[in-house]
Amino acid sequence: MSPHSSRLGLSGPTGFTGHAGGTRVMNAADFDFELPPERIAQIPARPRDAARLLCVRSGGLEDRVVRDLPDLLRSGDVLVANDTRVIQAQLTARRGEARIGITLNQPRPDGTWHALARNARRLRDGDLLRFDEAEDLTAVVTARDPDGGVMLRFNQRDDAFVAALRRAGALALPPYIHRPNGPEPEDAADYQTIFARNDGAVAAPTAGLHFTPALLGALETRGIRRATVTLHVGAGTFLPVRSDDATQHRMHAERGEISAAAARSINAARAEGGRIVAVGTTSLRLLESAVGEDGTIEPFAGETSLFILPGYQFRSADLLMTNFHLPRSTLFMLVCAFAGTDAMRAAYAHAIAGSYRFYSYGDSSLLWRHDS
């Protein structure tokens, strides 16, 4: 049995954590809420650290801004951010004369990519695909999923592959960011975090979008440490839970890595009395995939499909910085698990009434773990 199996996390076959607690049912409708469309941000705050920040802790709610973060944390705390870099994952493929829309989803250890394909029924194993704007880039279909997914083996890898994507691809912005003519030039920078180093994400780890050089400098002056981990965010992370019973939902696996140096830095901060502050749900899910029974973060390299629901017992982060999430999403369920469902319902009602901006380009929140 997994050492995490009593923590009410769920995982798919490649995940590293637990079960739903017997026959327990969790109604997905309990995580639904009404969001006025005008609350969905279409562009980020400028500068990034001017975004609003809703603090959620046992003492109640407090309206701040992101640049207040150094005053909200303590010397010795460690920020853990996701350093994945978003790639241009939206492609137009050609199989002969047929055009097929491809959205890259997740890299696999063997070098292949799982992708979502429009008109996937036209594809067969062994088909060769070519791509507009990058004649040197090709892919072979190695497998098909019943739900429209395909496995692709590209003829380019590493830096050459990323360079080809820059020529042939476009950002796969979330559908709630309206770009009728495709991403704007500003999106290339706006949808990338200051921490971005390792290519492989389809979607941005959006909590990291709020950081600026000035904010990082202020945090360092305050004595707040920083560590980075890597989780390549796939399109499946943001999908709503369609099953009435949330425990029946299965997360798409995502590749992640925590280096030995990062694990040592995080563990040292905690040993010296500092708190672990996860920047984003992706960082938190990766930390929870690598944490031991005693709270020690172990080096990690592999896939995780950890799905966190209320009742989950956290062992890693003490605080979580995260944007405002979609109704019925796995991410809203995660924040309810972290800060308490009642507290998060109150926080979202406050945010909606107070004109906070939601989703990827929206405002942020800082959550204190409700059992800490």
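The dialogue below walks through a predicted model, from its strands to its salt bridges.

Trainee: Which residue in β11 is the bridge partner of Ala-115?

Mentor: Strand β8, which covers residues 113–117, pairs with β11 in the antiparallel sense, and that pairing runs over four bridges. Strand β11 itself covers residues 149–154, and five of its six residues are buried. Within β11, the bridge partner of Ala-115 is Val-150.

Trainee: Which residue in the turn of the hairpin formed by β10 and β11 has a positive phi?

Mentor: Strand β10, made of residues 134–144, pairs with β11 in the antiparallel sense over five bridges, and one of the bridge partnerships there joins Val-141 to Leu-152. The two strands form a hairpin with four residues between them. The turn residue with a positive phi, of about 100 degrees, is Gly-148.

Trainee: In which sense, parallel or antiparallel, do β4 and β13 pair?

Mentor: Strand β4 covers residues 78–82 and strand β13 covers residues 225–231, and five bridges link them. One of the partnerships joins Asn-82 to Val-229 in β13. The sense in which β4 and β13 pair is parallel.

Trainee: Which residue in β14 is the bridge partner of Leu-231?

Mentor: Strand β13 also pairs with strand β14, residues 254–258, and here the sense is antiparallel, with two bridges between them. In β14, the bridge partner of Leu-231 is Gly-256.

Trainee: Why is helix α6 described as largely enclosed by the rest of the structure?

Mentor: A residue counts as buried when its relative accessible area is under 20%. Among the residues of α6 that meet this are Thr-281, Arg-285, Glu-288 and Ala-290. Helix α6 covers residues 281–290, and it is largely enclosed because the number of its residues that are buried is 10 of the 10.

Trainee: Why can the sulfur of Cys-336 form no bond with the closest cysteine sulfur?

Mentor: The structure holds zero disulfides, and Cys-55, whose nearest cysteine sulfur is that of Cys-336, is in none. A disulfide needs two cysteine sulfur atoms within 2.5 Å. The sulfur of Cys-336 is too far from that of Cys-55 for a bond, because the distance between them is 18 Å.

Trainee: Is Cys-55 buried or exposed?

Mentor: Burial is judged by relative accessible area, with the cut-off set at under 20%. Cys-336, at 2% relative accessibility, counts as buried. Cys-55, at 0% relative accessibility, also counts as buried.

Trainee: How many of the residues that line the second largest cavity are charged?

Mentor: A search of the whole structure finds three cavities of 30 Å³ or more, and the second largest cavity has a volume of about 70 Å³. Its lining includes Pro-44, Arg-48, Asp-190, His-210 and Tyr-361. The lining residues divide into five nonpolar and three polar, while the number of charged ones is two.

Trainee: Which residues are joined with Arg-57 into one network by salt bridges that share partners?

Mentor: Side chains of opposite charge can pair when their charged atoms come close. Arg-57 forms a salt bridge with Glu-62, and the closest N and O atoms are 2.9 Å apart; Glu-62 forms another with Arg-64, where the closest N and O atoms are 2.9 Å apart. Arg-57 is partly exposed, with a relative accessible area of 34%, Glu-62 is partly exposed at 29%, and Arg-64 is partly exposed at 22%. The residues joined with Arg-57 into one network are Glu-62, Arg-64 and Asp-68.

Trainee: How many residues apart in sequence are the parts that Arg-270 and Asp-318 tie together?

Mentor: Arg-270 forms a salt bridge with Asp-318, with the closest N and O atoms 3.0 Å apart. Arg-270 lies in helix α5, residues 260–271, whereas Asp-318 lies in the loop between β17 and β18, so the pair ties together parts whose separation in sequence is 48 residues.

Trainee: Is Asp-318 buried or exposed?

Mentor: Its partner Arg-270 is partly exposed, with a relative accessible area of 26%. Asp-318 has a relative accessibility of 15%, and the cut-off for burial is under 20%. Asp-318 therefore counts as buried.

Notes
Residues are numbered from 1 along each chain as its sequence is written. This is a predicted model: local features need pLDDT of at least 70, side-chain atom pairs count only at pLDDT 80 or more; totals for chains, interfaces and linings use all residues. Side-chain values use heavy atoms; hydrogens and water are left out. Buried means under 20% relative accessible area, exposed over 50%, partly exposed in between (1.4 Å probe, protein chains only). Two strands pair if DSSP finds at least two bridges between them. On a 1 Å grid over the protein atoms alone, a cavity is a set of points where a 1.4 Å probe fits but cannot get out, and a pocket is an open set with protein on both sides within 12 Å along at least five of seven lines; lining residues have an atom within 4 Å of a point. Grid points are joined across faces, edges and corners, and a volume is the space filled by probe spheres set on the points. Ala, Val, Leu, Ile, Met, Phe, Trp, Tyr, Cys and Pro count as nonpolar, Asp, Glu, Lys and Arg as charged, and the others, Gly among them, as polar. A salt bridge is a side-chain nitrogen of Lys or Arg within 4 Å of a carboxyl oxygen of Asp or Glu.
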